[in-house]
Amino acid sequence: MSQSNVQKYLKNYGSTKEAAIPILQAIQNDYGYLPLDVLSKVCEESEITKSHLFGVATFYSQFKLTPKGKNAIKVCKGTACHVKGADITIVALKDQLSINMDQTTEDGEFSMETVACLGCCSLAPVVMINEDVYGSLSSSKVRSMLKKYGKE
Ligand code: FES
């Protein structure tokens, strides 16, 4: 971690608790998630307490405490996908990857999150992996979809 990054955040946004959200947004912008050592350093160097900063980081779903996997899975939970069985897709993904939503597999290959409508409701239920869209999913289709990304 760069010491100067933390200094940059505090210089740009201030070091009081009101700066917590912009600082977290800047960290996530730089690292893609919120590394714990960076958050700790911010608390050491500012007036922001750990309980406040971690409270904000865990309250807002925009903030991620774990790095994204090499393959980022977005599961649509919009109305059409929900009606057409998004929950079955989610169970299959959790089962095959052994992670929950907003987590990353231990090998760093896959991360998973839910999103609102992906804009292709006629294909519901829909999942996006990186830039690829998969529709009309079932448990078995989830398995073959993951295989394309190296999942055994
Ligand atoms: S509700 Fe899932 S793509 Fe629209």
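**Exercise 1. A proline in a loop**

Task: In this predicted model, find the loop that holds Pro125, then work out which kind of peptide bond joins Ala124 and Pro125.

Solution: Start with the strands. Pro125 sits in the loop between strand S3 (110-115) and strand S4 (127-129). Next, look at the bond that leads into this proline. Omega is about -5° between Ala124 and Pro125, and the peptide bond is cis. As background, most peptide bonds are trans.

**Exercise 2. Two residues with positive phi**

Task: Locate Asn130 and Ser136, give the phi of each, and decide whether each is buried, partly exposed or exposed.

Solution: Take Asn130 to begin with. Its place is the loop between S4 and strand S5 (132-134). Its phi is near 55°, a positive value in a residue other than glycine. The relative accessible area of Asn130 is 29%, so this residue is partly exposed.

Now move along to Ser136. This residue belongs to the loop between S5 and H7. Phi of Ser136 is near 50°, again positive in a residue that is not glycine. With 38% relative accessibility, Ser136 also counts as partly exposed. It is worth noting such values because most residues other than glycine have a negative phi.

**Exercise 3. How H6 meets H7**

Task: Describe the packing of helix H6 (residues 86-97) and helix H7 (residues 139-147), and list the residues that make the contact.

Solution: Two packed helices are described by the angle between their axes and the distance between the axes. Here the axes of H6 and H7 come within 9 Å and cross at roughly 45°. That makes H6 oblique to H7, since angles from 35 to 65 degrees fall outside the parallel and perpendicular classes. The crossing of H6 past H7 is right-handed. Finally, collect the side that each helix offers. H6 contributes Ile88, Thr89, Ala92, Leu93, Gln96 and Leu97, while H7 contributes Ser139, Val142, Arg143, Met145 and Leu146.

**Exercise 4. How H2 meets H3**

Task: Do the same for helix H2 (residues 20-31) and helix H3 (residues 36-45).

Solution: Begin with the geometry. The axes of H2 and H3 come within 11 Å, and they cross at roughly 145°. H2 passes H3 in a right-handed crossing. Then turn to the residues. From H2 come Ile23, Leu24, Ile27 and Tyr31, and these meet Val38, Leu39 and Val42 of H3.

**Exercise 5. A cluster of rings**

Task: Which residues do ring pairs link into a cluster, and how are the rings arranged?

Solution: The count for the model comes to 3 aromatic pairs. In one of them, the rings of Phe59 and Tyr60 have centres 4.9 Å apart and planes at 90°, so the pair is edge-to-face. Tyr60 also pairs with Phe63: the centres are 6.3 Å apart and the planes stand at 85°, so this pair is edge-to-face too. Ring pairs thus link Phe59, Tyr60 and Phe63 into a cluster.

Now add accessibility. Phe59 counts as exposed at 64%, Tyr60 is partly exposed at 34%, and Phe63 counts as buried at 6%.

**Exercise 6. The domains**

Task: What are the bounds of domain 1 and domain 2, and how far apart are their C-alpha centres?

Solution: Read the bounds from the domain assignment of the protein chain. Domain 1 is 3-59 and domain 2 is 71-147. Then take the distance: their C-alpha centres lie 31 Å apart.

Note on methods. Residues are numbered from 1 along each chain as its sequence is written. This is a predicted model: local features need pLDDT of at least 70, side-chain atom pairs count only at pLDDT 80 or more; totals for chains, interfaces and linings use all residues. Side-chain values use heavy atoms; hydrogens and water are left out. Domain bounds come from an automatic or database domain assignment. Rings of Phe, Tyr and Trp (its six-membered ring) pair if their centres lie within 6.5 Å; planes under 30 degrees apart count as stacked, over 60 as edge-to-face and the rest as tilted. Buried means under 20% relative accessible area, exposed over 50%, partly exposed in between (1.4 Å probe, protein chains only). Axes are lines fitted to C-alpha atoms, for helices over the stretch in contact, and angles run from 0 to 180 degrees between N-to-C directions. Helices (H or I, at least four residues) and strands (E, at least two) are DSSP runs, numbered from the N terminus. Angles under 35 degrees count as roughly parallel, over 145 as roughly antiparallel, 65 to 115 as roughly perpendicular and the rest as oblique. A crossing is left-handed if the near helix is turned anticlockwise from the far one by less than a right angle, and right-handed if clockwise. Contact means heavy atoms within 4.5 Å.
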